[in-house]
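User: I would like to go through the strand pairing, the ring contacts and the backbone angles of this model. Please keep the answers short and give the reasoning.

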Amino acid sequence: MPGSHPVPPSFRLNTLPAALCAACLSMPLPLYAADSEEAESAPLPVIEVSGQRGARALHDPRPGSLATATRTASAPEDLPQTISSVNVAQVASYGGRDLAAALAGVPGISNVSDTRFDAFRIRGFSSAGDVLLDGMRDDAQYIRGLGNIERIEILKGPAAVLYGRGSGGGVINRISKQPGRDAFGEVSATTGSYGRLGAALDLNRPLGEEWAMRINTGREHTGSFRDEVSGVRQYFSPALKWESGRDSWLLQFDVEEYDRVPDRGMPARVTALSATGRALAYALPPAAPQSFFGAAGRDFIRDTTMGLRSSFIRALSTDWSVRHSISLLDLASDFDNTFASQAYISRTRDLTQVQRSRFQQNLQQRNLQTNLELLGKINTPFMSHELLLGTEYGWQKREPRLWSGSVAGTVSLVAPDNRAGNDAQPQPWQMNYHRARNLGLYAQDQINLGAQWKLLAGARWDRFEIESRNQLAKLGIERGSNALSPRVGAVWEPIAGHHLYLSYSKNFAPVGGDLIGITPDAKGNVNDLGPQYSRQYEAGIKSDWLGGKLSTTLAWFQLDLYNRSVADPVRPGVFYQTGLERNRGVELSLAGEVARNWFIRGGLTQQNAKVLQAEPQFTGKRSTGVSGRGGSLFLAYAPPLGWFAETGLIYEGARYVDRDNLLELPAYTRWDGKLGYRLSTAEYTLAATNLGNRSYYASATGVTQIVPGAPRSLVLTAAYRF
């Protein structure tokens, strides 16, 4: 069986203890003897962001401060770049358990995820390698749960100056739940449509004056309106925190398993073919929304992730501190997956039958990252500086092993027979090993020029190296590249509560740095190309209204993805880096309290993502998976106790499924809402998504994998706090 091939024992036994030892060495205990009177009296630097509890925090969508944009706690109005924040408690109340649910309706984000892993377009560009957990890289291929997540911060535009390589559209940073000084606990039970049933526990306890622990755990079964599709998710996340009032140390561990039947969606209908049998036009899938094109009873995906993170902060003086962070992520992903690979049969030209493929996978990935940072403040008579100097080292191993086999027969495009057949035994298809190393050096200066002006400047140098081996062909290859990523920005407050800003930032994506790995036997010069780059110009205004209770952001941006590879029209396998893709847009967001106990959140993006320079067949086409406009608007009534309610709309504009722009998914508007009752120690919530029961398509990864959105769904949650 493919799933029976584990990672070599020596690798697991060597790397995990090393990470554990590094985390334990971060403990502050040996440092007591070095304390001075000055250090003992110095306050703890405020560089960690903790979530608020209670009804008001649940419905007020504005965070107190954000850390993703600068790696330091910063007020949103002082940041010369657009950043959004999603309260995960809000998402969970509607039954959302993954990133796709959390990011629905966030302006500038389009969902292109499938059943195997998260994937989004941020301001028009892929975010496959731009997902973070507490500021540390989390770019493995899996569906991320939200059980231990407090909120999600989305920085729009290039962020390489702080986080290294990426596509440049932005970063998605999940902020985990952390222990606090207050004793609290919450147990909840959930039931809902399509057999949903689950329970969760969130327990926080102080352990003396300086120590605290927090445990989050849960398990949930979910069904689906799609035939044969279901899943079980379970997680366990303990955390330990020490705070002396001057220094702090946080140790976190996560383990999560998500076992499910893969749903790769439905194929479109071919409406025109060329003389050579190439599809020239498509129509939307003709099958019923519940139709399943996999192999019932055989298909499965099982993702098991383990994470260990340590963060230690040491105060050197009143204004200076050092922070050391280390993160280890381990992913094991197995699947047996049958899916539609072509929406018609080539031989005999039958457009009513669908060809399918079967793949088995055993994927092992491990990410190890460590950061050492110096943070401090320098005050002068005319200005003050908040400095960040850091170095990052990362090591990643990705080992995808794939088997493929033929699928006996074909299935109907309209009414597929999803019973597993007697297919040929899968044979080895890809047995690869990829290893990546990166070293980054970065510096940032946040300059305060008084009451009205703030400047931000930063730069980062990266060295990225990739090594790949094709185990079947016995081939190997190594490549390396360097890049410098700058960022500058200014914020001006001409009128109290209104901040004008302007910024420029740059990103890079080296060969083999997105989905870790390159192809050893690739023809031509594809492995020898330099990094592709992205740059963003952004201007906007961030304002506070109604006495500071309501906040708005209006931004204009131009984001270019350039130096892209373009195939030579004459010489096969030869590429030039002359490609350019551009997205221009305007984004408006608002959040806050419009009247006593009445809260509003939402936003809208109008954008135009197009391919400007590429192969002739792609030049002038719209970017795949990117809608021209999208956003959301929700209004909530949320007093501290008693009845509460919320309702709102999520809108997603039309977007193309393929690079040729042959099939466009129609725009849709989804109406959601919830009603509940809150007591001092208990809360009951009934939530509904797609109240209007509208038919729509949620995402697509190609013309043969189009996923319909769920019809009206109900979720009932009962929570008890103690």
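User: In what order do the 3 strands of the open antiparallel sheet stand?

Analyst: The model is a predicted one. In it, 3 strands make up an open sheet with antiparallel pairing. Strand S2 (109-111) and strand S4 (125-126) each have a single partner strand, so they stand at the edges and one side of each has no neighbour in the sheet. The order is S2-S3-S4.

User: Which residue in S4 is the bridge partner of Ile122?

Analyst: Strand S3 (residues 120-122) runs antiparallel to S4, and 2 bridges join them. The bridge partner of Ile122 in S4 is Phe125.

User: How many bridges join strand S11 to strand S12?

Analyst: Strand S11 covers residues 211-222 and strand S12 covers residues 231-243, and the two run antiparallel. Thr222 stands opposite Gly231 in S12. The number of bridges joining S11 to S12 is 12.

User: What is the phi of Gly245 in the turn of the hairpin formed by S12 and S13?

Analyst: S12 pairs with strand S13 (residues 248-260) in the antiparallel sense over 11 bridges, and Leu240 stands opposite Leu251 in S13. The hairpin has 4 residues between S12 and S13. Gly245 is in that turn, and its phi is positive, at about 95°.

User: Which residues form one aromatic cluster with Trp211?

Analyst: The cluster joins Trp211 to two further tryptophans. They are Trp242 and Trp249.

User: How many residues apart are Tyr504 and Tyr537, the pair that links distant parts of the chain?

Analyst: A search of the whole structure gives 13 aromatic pairs. One of them is Tyr504 with Tyr537, which is tilted, at 5.2 Å centre to centre and 45° between the planes. Tyr504 lies in strand S24 (residues 498-509) and Tyr537 in strand S25 (residues 532-545), and the two are 33 residues apart.

User: Are Tyr504 and Tyr537 buried, exposed or partly exposed?

Analyst: Partly exposed covers the range between the 20% and 50% cut-offs. Tyr504 has a relative accessible area of 24%, and Tyr537 has 37% relative accessibility. Both values fall in that range, so Tyr504 and Tyr537 are partly exposed.

User: What parts of the chain does the pair of Trp598 and Tyr637 tie together?

Analyst: Trp598 and Tyr637 form a tilted aromatic pair, with 5.0 Å centre to centre and 45° between the planes. The parts tied together are 39 residues apart in sequence, because Trp598 lies in strand S28 (residues 598-613) and Tyr637 in strand S29 (residues 629-637). Trp598 is partly exposed at 36% relative accessible area, as is Tyr637 at 32%. The parts asked for are S28 and S29.

User: Over the face of which ring does Arg601 lie, and over which does Arg678 lie?

Analyst: Arg601 is at 4.3 Å from the ring centre of Phe634. Arg678 is at 4.2 Å from the ring centre of Phe644. The rings are Phe634 for Arg601 and Phe644 for Arg678.

User: Where is Leu546, which has a positive phi although it is not a glycine?

Analyst: Most residues other than glycine have a negative phi. Leu546 has a positive phi of about 55°. Leu546 is found in the loop between S25 and strand S26 (550-567).

User: What is the relative accessible area of Lys474?

Analyst: Lys474 also has a positive phi, near 60°. The residue sits in the loop between strand S22 (453-470) and strand S23 (475-495). Lys474 is exposed, and its relative accessible area is 70%.

Terms used
Residues are numbered from 1 along each chain as its sequence is written. This is a predicted model: local features need pLDDT of at least 70, side-chain atom pairs count only at pLDDT 80 or more; totals for chains, interfaces and linings use all residues. Side-chain values use heavy atoms; hydrogens and water are left out. Two strands pair if DSSP finds at least two bridges between them. Rings of Phe, Tyr and Trp (its six-membered ring) pair if their centres lie within 6.5 Å; planes under 30 degrees apart count as stacked, over 60 as edge-to-face and the rest as tilted. Buried means under 20% relative accessible area, exposed over 50%, partly exposed in between (1.4 Å probe, protein chains only). A charge sits over a ring if NZ of Lys or CZ of Arg is within 6 Å of the ring centre and within 35 degrees of the ring normal.
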